[in-house]
Amino acid sequence: MSRSAQLPRKVRVFAPASVSNLGCGFDIFGMALERPGDEVVVRAAEGSGIVSVSVTGDGGRVPMDPARNAAALAVDGVLDRLDSAAGVAIEVRKGIPLASGLGGSAASAVAGAVAADALLGGDLDRTALLECAMIGELKGSGADHADNAAPSLVGGFVLVLPGRPPKMVQLPTPDDLMVAVAHPAMEVETRRARMILGDTIPLSAGVQQWGNAAGMVAGLLSGDWELIARCMCDAVAEPMRAQLVPGFEAVKASAIEAGAVAAGLSGSGPSVLALCRGRAAAEGAAAAMAEAFHDAAGVSSDLVVSRANAEGARILEVT
């Protein structure tokens, strides 16, 4: 039987943006958003391995070299995992702004891994797909972490335990939880944002961070908004990364004043996220953050108001 009779010729996959860290969960907490997201198309092609890579929606900035492209590296991880010599062509359609703190490289990598697995009929499990996506995320962000890739893959609010293999734990969220995100017209390069953190922290900061992370899990499990608000506080990364985002403190304060439960950097920034109870509060917080970015830093902002995306990556087309 021919390949065309057994397997598809093209698979198109959407993977959503995500917010990560959520205050206390540096490198271990992430939550998928309903939008925006990246799409990756993987096609069967003559030859072996990754035959070509194209990218749209990036202004010509995302590398098309398979050894430097997050989606291509994830696809190559799938080919290696399946011990496949198939030839594939990759098309990346960027919908997530670059260097925005919304998990753009992770989404591309996730979409690439899911699409390649579907094209080749591999039926890899979620952990294997995450490991393939992390190969691309490592190149895209310079760090071997899955706090963006995991929620983009499986959806929802996810705790990712470090180590190999990575362990994903999907946590429940209150029914009225909404996220407001303000993405200002500025960029923070993830590698730089990680470099300023160094390798050590004071013991007191570690104790505070561990307590807040445990409290956040407890708050989500019990629906305790007071506990969630108290614990969405970053004692490790945000105090140093705030300097990379002009106007951050004013933007964070504006979200709280507008009714958000808590606010902080999304990943390394520059996007600022606010956890809110209900859509009205989230829309108010988003508008307030945009105004504060304009007043404090003189920049406009793109706004997202979203529930947790419970679905994660999804296949849009198989032909």
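The following exchange concerns selected features of a predicted model and the definitions behind their names.

Modeller: In this predicted model, local features need pLDDT of at least 70 and side-chain atom pairs count only at pLDDT 80 or more, whereas totals for chains, interfaces and linings use all residues. Residues are numbered from 1 along each chain as its sequence is written, and side-chain values use heavy atoms, with hydrogens and water left out.

Colleague: What makes F29 and F157 an aromatic pair, and why is the pair called edge-to-face?

Modeller: Rings of Phe, Tyr and Trp (its six-membered ring) pair if their centres lie within 6.5 Å; planes under 30 degrees apart count as stacked, over 60 as edge-to-face and the rest as tilted. The centres of F29 and F157 are 5.5 Å apart and their planes stand at 65 degrees, so the two rings form a pair and the pair is edge-to-face. By this rule the count comes to one aromatic pair. The pair links distant parts of the chain, with F29 in strand 2 and F157 in strand 5, 128 residues apart.

Colleague: Why is F29 called buried, and why is D83 called exposed?

Modeller: Buried means under 20% relative accessible area, exposed over 50%, and partly exposed in between, with a 1.4 Å probe and protein chains only. F29 has a relative accessible area of 1% and is therefore buried; F157, with 1%, is likewise buried. D83 has 72% relative accessibility and so counts as exposed, and D123 counts as exposed at 71%.

Colleague: What is noted about the phi of D83 and of D123?

Modeller: Most residues other than glycine have a negative phi, and most peptide bonds are trans. D83 has a positive phi of about 55 degrees although it is not a glycine; it lies in the loop between helix 2 (70–81) and strand 4 (87–93). The phi of D123 is positive too, near 55 degrees, and D123 lies in the loop between helix 3 (104–120) and helix 4 (126–141). Helices (H or I, at least four residues) and strands (E, at least two) are DSSP runs, numbered from the N terminus.

Colleague: Which peptide bond leading to P36 is cis, and where is P165 placed?

Modeller: The bond from R35 to P36 is cis, with omega near -5 degrees, and P36 is in strand 2 (residues 29–45). The bond from R164 to P165 is also cis, with omega near -5 degrees; P165 is in the loop between strand 5 (157–161) and strand 6 (167–171).

Colleague: How do you know that strand 7 and strand 9 pair?

Modeller: Two strands pair if DSSP finds at least two bridges between them. Six bridges join strand 7 (residues 177–184) to strand 9 (residues 272–277), so the two count as paired. They run antiparallel, and M178 stands opposite C276 in strand 9.

Colleague: Why are strand 8 and strand 10 said to stand at the edges?

Modeller: Four strands form an open, antiparallel sheet in the order 8-9-7-10. Strand 8 (262–265) and strand 10 (301–306) each have a single partner strand, so one side of each is left without a neighbour in the sheet.
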